[in-house]
Amino acid sequence: MSGLGKLRVAVIGAGAAGLCAARHLLSRRDTFATPVVYELSKNIGGTWVYEERVGCYDNGLPIHSSMYRDLRTNIPKEVMSFPDFTFAKHLPSFVHHTEVRKYLEQYCDHFRLWDHIQFGTSVASVTPVDVKGGWNGLAWDVTSNDGEDHSKSTTERFDAVMVCNGHFYDPYIPAIPGLEKFKGRLMHSHDYRSAEPLAGKSVVLLGAGLSGLDIAMELSNVDAQVILSHGQRPLTCPLPPGVQQAPPVTSVLDDGTLEFKNGERAKPEVFLFCTGYNFTFPFLDKKVGVKVQEHLVWPLYKFIIPPAYPSLFIVGICRAICPFPHFHIQSQFVLSVLDGSFRLPSREEMEKDIELDIAARCGRGIATRHILKLDSEQWAYNDELAHLGGFKPLPRYWSNLYESNKVFRARDMLNYKTYNYTVLENMEWKVHDLHGLQLQKPLAVKKQM
Ligand code: FAD
């Protein structure tokens, strides 16, 4: 501790990451003052707050959630949950999004978070100020606007800020030559709510990530003819009826026809981008120096801390991860930095660490835009943070169950959400299919973990 008295921490966003940050801050009242959680909407849950409208809310702010009506989770609840708070027992492993929202509300009840959230308050700026005797000589001025009356703004000073604003709301649309010539309906998955409006239509769906595959399945159910265009290796699992694969779209011709990388062409009624999202931190003072470049947010030590301003923490930017447990680990790591149980290296050492880490990833052939995708490396990352911060790592079965689900998903995208997992008392787990038949654990994962 710095001898400052209790540290005041601001949390930006009351999605899963912000709630998790608040939960941990509140559990350490010896060291931390009660946090202030700023939330621009009137609800907790962020992504998990389904909003039928697209575009903007009544107050003119853009709709945050990219949730669609029939979404069920792609991670079983047994490992999707925060490790210290399970989903209700009666639920199946893959739950409807409304259950996740309920779960997050129950998390708020259980850890008594509600009173610390300022709803309808949008953070407009986060500015570092030099403060003698402050944590690392720093403090932060957080200016927020009233969601209804934008002219009302308030500034409060904090010792540290945890940025938990999410990164699935600002649609990324790749630059495709001639795109403006497309004559059909152009849309992004951010504005996709349900399949019915696209029933029977011809659709080119760009991107075979989790949302792309899921939406392709929904469209198949309403007899849309879908060309799933993507740059990955061709999928080998059975595809839904009416869905075929194609390489990426490379250009749009003068008459609005889409041309694929292999020279084939299509003129669909709908061109649907499932191409992901941009990171944005519009409130962050430029002098903090956090940059977004080709989907990489940097420089951030351990993907969280800008070395020059080590009392700012950006939580939850890693991709291809198991989000809630990841937030749980990152939040505790942040607390360990602030309470001094983990002593940060010097600014220069952190900068060097980032440089070497990025160089090592590039050396393994990872493109800049994929550096934040931790994928199976997330488990070593989580363990490292737990080790550095001196807190409990995730239970051992977590990685194995999660990775096995990935294998099942790759083998059988049509059915993997009908499986049900059980975690046994000895921390082993088993999985059954829809008919109650116990499935073999994937061998590759058994060996790897
Ligand atoms: P968000 O949930 O986006 O929350 C951010 C919050 O910050 C929002 O409430 C927003 O209003 C607030 N905010 C933003 N800017 C400001 C500001 N300036 N001032 C004040 N408040 C602000 N994860 C899973 O684990 N399982 C799944 O099955 C799964 N499926 C998904 C499906 C879709 C379609 C999408 C888009 C994501 C899915 N995810 C899934 C990932 C999901 O986003 C994470 O689980 C998690 O909800 C992210 O939480 P977050 O707190 O980082 O961000």
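Visitor: Is Ala-320 buried, partly exposed or exposed?
Guide: In this predicted model, Ala-320 counts as partly exposed, because its relative accessibility is 36%, and that value falls between the 20% and 50% cut-offs.

Visitor: Where is Ala-320 found, and what is its phi?
Guide: Ala-320 is found in the loop between strand E20 and helix H5, and its phi is positive, about 50 degrees, although Ala-320 is not a glycine.

Visitor: Which residue in the loop between H4 and E11 has a positive phi too?
Guide: That is Asp-223, which is found in the loop between H4 and E11 and has a positive phi of about 60 degrees although it is not a glycine.

Visitor: And is Asp-223 buried or exposed?
Guide: Asp-223 counts as exposed, because its relative accessibility is 57%, and the cut-off for exposed is over 50%.

Visitor: What about H4 itself, how many residues does it have and how far does it reach?
Guide: Helix H4 covers residues 210–221, which makes 12 residues, and it reaches 17 Å from its first C-alpha to its last, close to the 16 Å expected at 1.5 Å a residue. Asp-223, with its positive phi, follows this helix.

Visitor: How much of H4 is covered, and which residues are buried?
Guide: H4 is mostly covered, with 9 of its 12 residues buried; the buried ones are Gly-212, Leu-213, Asp-214, Ile-215, Ala-216, Met-217, Glu-218, Leu-219 and Ser-220.

Visitor: What do those buried residues pack against?
Guide: The buried residues of H4 pack against four strands, namely E10 (202–206), E11 (225–229), E12 (243–246) and E16 (270–273).

Visitor: Switching helices, what is the span of H3?
Guide: Helix H3, residues 97–110, has 14 residues and spans 20 Å from its first C-alpha to its last, close to the 20 Å expected at 1.5 Å a residue. After H3 comes Arg-112, whose phi is positive, near 55 degrees.

Visitor: Which H3 residues are buried, and what do they pack against?
Guide: His-97, Glu-99, Val-100, Tyr-103, Leu-104, Tyr-107 and Cys-108 are buried in H3, and the buried residues of this helix pack against helix H1 (16–26), helix H2 (77–80) and helix H5 (323–338).

Visitor: H2 again, so which pocket does H2 help to line?
Guide: H2 supplies at least two residues of the lining of the second largest pocket, as do helix H8 (397–411) and strand E21 (420–423). The largest share of that lining, 3 residues, comes from E21.

Visitor: How much space lies in that second largest pocket, and which residues are closest to its centre?
Guide: About 480 Å³ of space lies in the second largest pocket. Of the 18 residues that line it, the closest to its centre are Glu-78, Thr-86, Lys-89, Tyr-397 and Val-423.

Visitor: And closed spaces, how many cavities of 30 Å³ or more are there?
Guide: The count comes to 1 cavity of 30 Å³ or more, and about 40 Å³ of space lies in the largest cavity.

Visitor: Which residues line the largest cavity?
Guide: Its lining consists of Leu-296, Val-297, Trp-298, Leu-300, Phe-303, Ile-354, Asp-357 and Ile-358. The elements that give two or more residues to this lining are strand E19 (296–298) and helix H6 (347–363).

Visitor: Which peptide bond is cis there, starting from Trp-298?
Guide: The peptide bond from Trp-298 to Pro-299 is cis, with omega near -5 degrees, and Pro-299 has its place in the loop between E19 and strand E20 (312–314).

Visitor: What about His-295, where is it found and is it buried or exposed?
Guide: His-295 is found in the loop between strand E18 (291–293) and E19, and it counts as buried because its relative accessible area is 15%, where the cut-off for buried is under 20%.

Visitor: What does His-295 touch?
Guide: Not counting residues up to four places away in sequence, His-295 touches Tyr-172, Tyr-277, Asn-278, Phe-279, Arg-319, Arg-369 and Leu-372.

Visitor: Last topic, the sheet with E4, E5 and E6: what is the pairing, and which strands are at the edges?
Guide: These 3 strands form an open sheet in the order E4-E5-E6, with antiparallel pairing. The edge strands, E4 (121–135) and E6 (153–158), each pair on one side only, and the twist averages 20 degrees from one strand to the next.

Visitor: Over how many bridges do E4 and E5 pair?
Guide: E4 and strand E5 (residues 138–146) pair in the antiparallel sense over 10 bridges; as one of the pairings, Ser-125 has Thr-143 in E5 as its bridge partner.

Key
Residues are numbered from 1 along each chain as its sequence is written. This is a predicted model: local features need pLDDT of at least 70, side-chain atom pairs count only at pLDDT 80 or more; totals for chains, interfaces and linings use all residues. Side-chain values use heavy atoms; hydrogens and water are left out. Two strands pair if DSSP finds at least two bridges between them. Axes are lines fitted to C-alpha atoms, for helices over the stretch in contact, and angles run from 0 to 180 degrees between N-to-C directions. The expected span of a helix is 1.5 Å times one less than its number of residues. Buried means under 20% relative accessible area, exposed over 50%, partly exposed in between (1.4 Å probe, protein chains only). Contact means heavy atoms within 4.5 Å. On a 1 Å grid over the protein atoms alone, a cavity is a set of points where a 1.4 Å probe fits but cannot get out, and a pocket is an open set with protein on both sides within 12 Å along at least five of seven lines; lining residues have an atom within 4 Å of a point. Grid points are joined across faces, edges and corners, and a volume is the space filled by probe spheres set on the points.
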